[in-house]
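Biologist: Could you walk me through this one from the start, keeping it plain for someone who has not seen it before?

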Amino acid sequence: MQQLITVFFIAFTVASYVFFRRLHMKYRSPLLNVVFLGAAAVIAVLLFCGVPYEDYKPGAAIMTYLLGPATVALAVPLYKNRHLIRQYRWAIMTGVGLATAASMATAMVIARLGGLTKVVVVSLAPKGATIPFAAPVAEMMGGDPALTAAFCVATATFGALCGLSALTRLGIRDPVARGLAMGTMFHGQGTAMALTEGEQQGAMAGMAMGLAGVFTALIAPLLIPLFV
Amino acid sequence: MSKALKFAAQLILLCAVSWLGNQAALLSGLPVPGNVFGMVLLFGLLCLGVVKLEYVQEAADFLLKHMLFFFIPLAVGLMNWGRLFYEEGLVLAAAVVISSVVPLWLVGFLAQYSARRDKGCNS
């Protein structure tokens, strides 16, 4: 029975990914978030069939097997844009480094002021990094990777909707700075939005996304214990 | 070499780097995820020319294109957290928005300031 559940839900997860990806490609709205809608569809069917999360887990482990190699593959766009890293090294180091620390610190302060539990505070902290970095960081520090994934998706969706206009309102007009900010804070979705402004913005954003993940992983073990 | 074989070989190479990254993380004893080591390792190997772009290109593009897929099974774990969003939704939304906008301004401002300097250095 467990094998049957596993096979069925792997097939269903793949199907809902394909379906919502097509929908997203067709309408291109940041609100049609593939991760959010895909997960919602799977959860709905699990609840409807009365299958607990624990029975979905073996299938989830099989499906996420290639996430490690996929994250490693982020080095490829980083390598392709290495001339940008060299050219803007100061902007990148100060900007991405401080923003990553500030994002973790402000999230944890607000969560603590709001009286949230330790697990939630820790899970919120790395949400500025892309999920493959944020989720294991949260898990190592005592958070819940699923919660972190949700916060990442919420952050990225917010960023895709409001990021570019927020930057304009804050007086950030330099194309390099705009790309860097979108990639650092709003990962993949931010990068996609930055690409709509131009090639250079997109390249900066993609690179900043990878670096922000590395910075988050390096800073988190030092920063998170100070706030929880 | 046929396309499928080439793709499989590239995938195996990426898996190997990922595995090495995990081993490095375990051996170092640092609280840093293995995939961070893996990504830095692949970046280093590419820069040194040990691994050429064409050894990994197609498999890397494919995995990156469909990366969102892997996040769906991860996010399904949320079904155990329904009450949290119902009860604390406002605090969570405030935390997400404020902790996004403040650093967004910070990185934008610092990058705009130093990008001008970097441009000056290079011209």
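Modeller: The centres of domain 1 and domain 2 of chain B, taken over C-alpha atoms, are separated by 28 Å, with the domain bounds coming from an automatic or database domain assignment. This is a predicted model, in which local features need pLDDT of at least 70 and side-chain atom pairs count only at pLDDT 80 or more, while totals for chains, interfaces and linings use all residues. Residues are numbered from 1 along each chain as its sequence is written, chains are lettered from A and ligands numbered from 1 in the order in which they are written, and side-chain values use heavy atoms, with hydrogens and water left out.

Biologist: Where do the domains of chain B begin and end?

Modeller: In chain B, domain 1 covers 1–76 and domain 2 covers 81–123.

Biologist: And what is chain B built from, helices or strands?

Modeller: Chain B has five helices and zero strands, where helices (H or I, at least four residues) and strands (E, at least two) are DSSP runs numbered from the N terminus. Its radius of gyration, taken over C-alpha atoms, is 21 Å, well over the 14 Å that the globule rule (2.2 Å times the number of residues to the power 0.38) gives for 123 residues, so chain B is more spread out than a compact globule. Along its principal axes, the C-alpha trace of chain B spans about 55 × 50 × 35 Å.

Biologist: What does the same rule say about chain A?

Modeller: For 228 residues a compact globule would have a radius of gyration near 17 Å, and the 18 Å of chain A agrees with that. Chain A holds 12 helices and zero strands, and its C-alpha atoms fill a box of roughly 55 × 45 × 30 Å along the principal axes.

Biologist: How is chain A divided?

Modeller: Chain A has domain 1 (2–68) and domain 2 (75–227), and their C-alpha centres lie 25 Å apart. Six residues from domain 1 of chain A and seven residues from domain 2 of chain A take part in the contact, which means heavy atoms within 4.5 Å.

Biologist: How much area is buried there?

Modeller: About 560 Å² is buried between domain 1 and domain 2 of chain A, with carbon and sulfur atoms giving 79% of it; buried area is the accessible area (1.4 Å probe) that two parts lose on being put together, summed over both. Of the area that domain 1 of chain A buries against domain 2 of chain A, Pro30(A), Asn33(A) and Phe36(A) supply 62%, more than any other three residues.

Biologist: Switching to the two chains, how many residues does each put into the contact?

Modeller: Chain B gives 69 residues and chain A gives 94 residues, and the two chains bury about 7400 Å² between them, 82% of it on carbon and sulfur atoms. On the side of chain B, Met39(B), Met79(B) and Leu104(B) lose the most area to chain A, together 10% of what that side buries.

Biologist: How many salt bridges are there across that interface?

Modeller: The rule (a side-chain nitrogen of Lys or Arg within 4 Å of a carboxyl oxygen of Asp or Glu) finds zero salt bridges between chain B and chain A.

Biologist: Which helix of chain B gives the most to the side that touches chain A?

Modeller: That is H5(B), with 29 residues.
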